[in-house]
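Hi,

Here is the structure I promised to pass on. Have a look at it first, and my notes follow underneath.

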Amino acid sequence: MRILLLGGTGEARALAAVLVDRGHDVVSSLAGRVSRPALPVGRVRTGGFGGVDGLVAHLSHHAVRAVVDATHPFAAQISANAAEACALTGVPLVRLQRAGWERHADAGRFHWVADVEVARVAAEGLGVRPFVTTGRQQLEVFAGWDDRYVLARVVDPPHWPVPASWELLQARGPYTYAAERALMEDRRVDVLLTKDSGGALTEAKLEAAARLCVPVVVVRRPPLPDGVVVVEEPAAAARWVESLG
């Protein structure tokens, strides 16, 4: 069975390994926004499709039998495009998305906000030495914080000069509790900003913040397209693929 796997996450790589092992023709598609990405087994393509029309053409031209959207929880545009393209072509679609942090033990203490801009405003009322872990793409939202120390952690550096008062830390998870706590204590962080990415790779910062009584601002996930089947584990996505026959 030919499967288009919209990937870029650990869950996508785990699913690709299972499906390839079972003999399926899997093509993993990566957005190409991260340098040196971890690659899945099987065939890989990089780059966009050209919107909904391009994705429709791709599905038809390559006789794709099923699509698994296992992109990052905040990759809202490709998820919307996949839902529309699959509806137009009749290709089955499932969304593989890891559980978010709304189930975290400290979720009730988090300051939940709708987007990064609101997160900035919320954080300004909570602390003066922020630890920003919301990613590179919207980092410029915080550019006005040129009057304070900011610890900003990214996988790849931004394409604009950050203020001189900032410390830019390039790193890729997983992170340990001990390392996260030591980092926050050493930099005297007093507010943490993050997105509801979920997963274990970056969860340690939440525990460290709780132990240090550092308030946490969490950007909620964008809503999923209506009518899309959602599973949280690669094994469940594999069973869905197998059910197609």
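Helices H1 and H7 are oblique to each other. This is a predicted model, by the way. The axes of H1 (residues 10-21) and H7 (residues 234-243) cross at roughly 45° and come within 9 Å. Angles from 35 to 65 degrees are neither roughly parallel nor roughly perpendicular, so this pair counts as oblique. The crossing in which H1 passes H7 is right-handed. On the H1 side, the contact is made by Glu11, Ala14, Leu15, Val18 and Leu19, and H7 brings in Pro234, Ala237, Ala238 and Val241. Sorted by type, the residues of that contact are eight nonpolar, one charged and no polar.

Staying with H7 for a moment: which of its residues are buried? They are Pro234, Ala236, Ala237, Ala238, Trp240 and Val241. Besides H1, these buried residues pack against four strands: S1 (2-6), S4 (66-69), S5 (93-96) and S12 (229-231). Just after H7 comes Gly245, with a positive phi of about 85°.

Next, the sheet. Six strands make up an open sheet with parallel pairing, and if you trace across it the order is S6-S11-S10-S7-S8-S9. S6 (111-113) and S9 (166-170) are the edge strands, each pairing on one side only. From one strand to the next, the twist averages 20°. Inside the sheet, S7 (residues 130-133) and S10 (residues 191-195) run parallel and are joined by four bridges. If you want a spot to find on screen, try Val132, whose bridge partner in S10 is Leu193. A helix also lies across part of this sheet: H5 (residues 177-186) covers S7, S8 (150-154), S9 and S10, and runs at about 150° to S8.

Last, a residue on one of those edge strands. Trp166 is found in S9. Is Trp166 buried or exposed? Its relative accessible area is 9%, and the cut-off for buried is under 20%, so Trp166 is buried. What is Trp166 in contact with, leaving aside its neighbours within four places in sequence? The list is Leu139, Phe142, Ala143, Trp145, Arg148, Val150, Ala152 and Trp160. Glu124, for its part, is 42 residues from Trp166 in sequence, and the two are 16 Å apart in space, C-alpha to C-alpha.

That's what I have so far. Shout if anything is unclear.

Cheers

Methods. Residues numbered from 1 in each chain as written. Predicted model: local features only at pLDDT ≥ 70, side-chain atom pairs only at ≥ 80, totals over all residues. Heavy atoms only, no water. Axes fitted to C-alpha atoms, helices over the stretch in contact; angles between N-to-C directions. Helix = DSSP H or I, 4+ residues; strand = E, 2+ residues; numbered from the N terminus. Parallel < 35°, antiparallel > 145°, perpendicular 65-115°, else oblique. Left-handed = near helix turned anticlockwise from the far one by under 90°. Contact = heavy atoms within 4.5 Å. Nonpolar A, V, L, I, M, F, W, Y, C, P; charged D, E, K, R; others polar. Pairing = 2+ DSSP bridges. Buried < 20%, exposed > 50% of the residue type's maximum accessible area, 1.4 Å probe, protein only.
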